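Reader: I have a structure open and have not looked at it before. Can you take me through how its chains meet?

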Amino acid sequence: VSLVPSGVVTLLTDFGTRDPYVGVMKGVILRLFPAAQIVDLTHDIAPQDVREGRFWLERSFPFFPRGTVHVAVVDPGVGTVRRAIVVEASDHLFVGPDNGLLAGVARKGEARSIDPSLVRENPSRTFHGRDVFAPVAARMGLAMLPVAEVGPALERGSLVELPPSEPTDDPDCGVVVTVDRFGNLLTSIEATRALAGGLIEIEGRSFPLRGTYGEAAVGEIVGLVGSFGVLEIALRDGDAAAALGLGKGARVRIARE
Amino acid sequence: VSLVPSGVVTLLTDFGTRDPYVGVMKGVILRLFPAAQIVDLTHDIAPQDVREGRFWLERSFPFFPRGTVHVAVVDPGVGTVRRAIVVEASDHLFVGPDNGLLAGVARKGEARSIDPSLVRENPSRTFHGRDVFAPVAARMGLAMLPVAEVGPALERGSLVELPPSEPTDDPDCGVVVTVDRFGNLLTSIEATRALAGGLIEIEGRSFPLRGTYGEAAVGEIVGLVGSFGVLEIALRDGDAAAALGLGKGARVRIARE
Amino acid sequence: VSLVPSGVVTLLTDFGTRDPYVGVMKGVILRLFPAAQIVDLTHDIAPQDVREGRFWLERSFPFFPRGTVHVAVVDPGVGTVRRAIVVEASDHLFVGPDNGLLAGVARKGEARSIDPSLVRENPSRTFHGRDVFAPVAARMGLAMLPVAEVGPALERGSLVELPPSEPTDDPDCGVVVTVDRFGNLLTSIEATRALAGGLIEIEGRSFPLRGTYGEAAVGEIVGLVGSFGVLEIALRDGDAAAALGLGKGARVRIARE
């Protein structure tokens, strides 16, 4: 049984919203699929930060209807030989470059290479979001293009993976993947690891793990289970990143008492 | 006669747009109400500035169709015992925390407490925009959930109010509530108070009240009736906030000549 | 044969997205045209930079469906006697002030002055985006208002034009019109001029013209045919504007070898 499109197309890029780059991607989608419900996930992934983009894509897509098409473009290799791919996983569709951005979601699904016949004639060398990924997403969202016809299936394990962020595969160790608007440090450590309590260490400093934000005292830095299922480091009524002077890439580990 | 939903859902938050927090709220809405017309009012309310959020909500909603559902989330108390409420007023619906944000619109309508059975199972402690307010808004927008079934009606006067911004209730006195992108200082003084002309005083300095922007000379700071029905202080072809070195909270009064 | 509206309405302004100004424009559109597909082109045109707005409007509209209505508001003269106009050109519709913003698209089409009876009663003096342009766009997008009924046709050549950015009309000479998020300098020189190769000069410094971004070495500043059909100056894996210390208005010319 094939996946029924929801009509929703999400966009996640590092294009920002100052220039009309995202706007013209939407124009291209609407030319092919006039009734699309287009949702901006974010366009403020740090330029070329594939790891941050992958994190937010994986953590956000489950809140959308089944059959949603997610376009993700953080693409330092645009214009080179990197492949353009589609992933079907967890009843969602994903479109983007094969550079690790879709590697997380692809673990639970199947990937295909996008056939060049599906993209805009004479695509630009620098704007595949508009010329390659948007038209494919629109056609899949409209159910005009079954996934099986996107292009050849790729073997499991043949997708590009990001290098690990940590030298260890200990699930109690990780890094800060992103810092949100409020200064919370979101880590790569699954929230389930924190359930046993204890301390959270970041770059050698230790802070208590609290069940909820409300349990922290005002001005206290704590580790918390955040709303996206990962461990966060937060400062109650304040900006933890600024207070700690730390940001993306900082090393984190759970220290069990 | 009950209110017919317009299908439009607006969002006003202090979440910013850098992280995909707003995007996932839209995903949750679309899962329940696939045809929703979702409009961003603003996501750049200053973090936790309930007064600024309340101002823009009150001043913006009348430009939307009757039966629009407005979700407002500026919520320093998320995860504590503050109530989640719905307000029906002026033929619009409003959803948000009971912390003063909806107090302005509620003056002309009725409020209800949101029944916990309507929200996502195991809502996060920190993201009620996604787990509480978005699903309720979607259900009301779809007309699946009549307002009367949201939860128990609250008595007039039982909603949380913001403390007054001024020690006086003189309608000729107020404060700067927000500074817009152009550096205009928008005050809490109703535009109707300015009709009689005179001077505007801000932190002890006086400027003329002009009928229109066009009447001000280039480089002149003036008081004006702005496009949202309040008194504004503007600098023609310039940034009044920067020129005055003043911003939110500055005291303003009309001085009649 | 008259143009069939696509149902899409785009918005390009210098309003920013911090204040709900764009949101209320959408509310006004949806009150008249509930099924509109509204797309943000950009709201971050530099305040009052009509030239930058005109550039992005001209370069972006062709990616949208035929019959799209484009609302453009960069309007230093709001509240003065400048005309409000509609342009029909290249199978698209454009609405905005007669200040040069629509002069580019109007060259291939016809312009009309907006009849005052079509706008909101008592429009504000400062917010014609909401009170004049949005309602006209909504009515045209809904096909309720044929272009011929917008108002009297304007003679070719009677529209306000921007002063030329260059003292010469040599197509090999131009200026930097905008700098994008990545620090690329987008110029007013048509990409077709660059095909013959050679060098690009910017404020007296010369750089090679490359066919594609991929042909540049990491750290090399080059001239390129960008994805919007104009010559760009880019720094591979870097920010050319920052590296050169140059921005909008910098003079550029092609130097043929």
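Reader: Which side chains meet in a salt bridge, Arg181(A) and what else?
Author: This is a predicted model. In it, the side chain of Arg181(A) meets that of Asp44(B) in a salt bridge, at 4.0 Å from N to O.

Reader: How many salt bridges does the rule find across the interface of chain B and chain A?
Author: The rule finds 1 there. There are also 12 residue pairs in polar contact between chain B and chain A, counting pairs with both residues at pLDDT 80 or more.

Reader: Which part of chain B gives the largest share of the side that touches chain A?
Author: Helix 1 of chain B, residues 21–32, with 8 residues. By class, that side of chain B divides into 12 nonpolar, 8 polar and 9 charged residues.

Reader: And how many residues are in contact on each side?
Author: Chain B has 29 residues in contact with 23 residues of chain A. The area buried between the two chains is about 2,300 Å², and carbon and sulfur atoms give 58% of that area.

Reader: Which residues of chain B lose the most area to chain A?
Author: Arg18(B), Pro20(B) and Tyr21(B), which together make up 26% of what that side buries.

Reader: Switching to chain C. What does Arg181(C) meet in a salt bridge?
Author: Its partner is Asp44(A), with the side chains 3.9 Å apart, N to O. Across the interface of chain C and chain A, the rule finds 1 salt bridge.

Reader: Which elements of chain C supply at least two residues each to the side touching chain A?
Author: Strand 2 (37–42) and helix 2 (50–60) of chain C. Strand 2 of chain C gives the largest share of that side, 5 residues. The classes there are 13 nonpolar, 5 polar and 5 charged residues.

Reader: How many residues does that contact take from each chain?
Author: It takes 23 residues from chain C and 29 residues from chain A. On the chain C side, Phe63(C), Arg181(C) and Phe182(C) supply 29% of the area buried against chain A, more than any other three residues.

Reader: Back to chains A and B. What turn lays chain B on chain A?
Author: A turn of 120 degrees, with a shift of 0.0 Å along the axis and an RMSD of 0.0 Å. The two copies are thus related as by a three-fold rotation axis. The C-alpha of Gln37(B) is the one in chain B nearest the axis, 5.0 Å from it.

Reader: Why do you say the copies meet through different surfaces?
Author: Because only 3% of the interface residues of chain B are also interface residues in chain A.

Terms used:
Residues numbered from 1 in each chain as written. Chains lettered and ligands numbered in written order. Predicted model: local features only at pLDDT ≥ 70, side-chain atom pairs only at ≥ 80, totals over all residues. Heavy atoms only, no water. Contact = heavy atoms within 4.5 Å. Buried area = accessible area lost by both parts, 1.4 Å probe. Helix = DSSP H or I, 4+ residues; strand = E, 2+ residues; numbered from the N terminus. Nonpolar A, V, L, I, M, F, W, Y, C, P; charged D, E, K, R; others polar. Least-squares fit on C-alpha atoms with pLDDT ≥ 70 in both. Polar contact = N/O pair within 3.5 Å; in protein donor to acceptor, adjacent residues only side chain to side chain.
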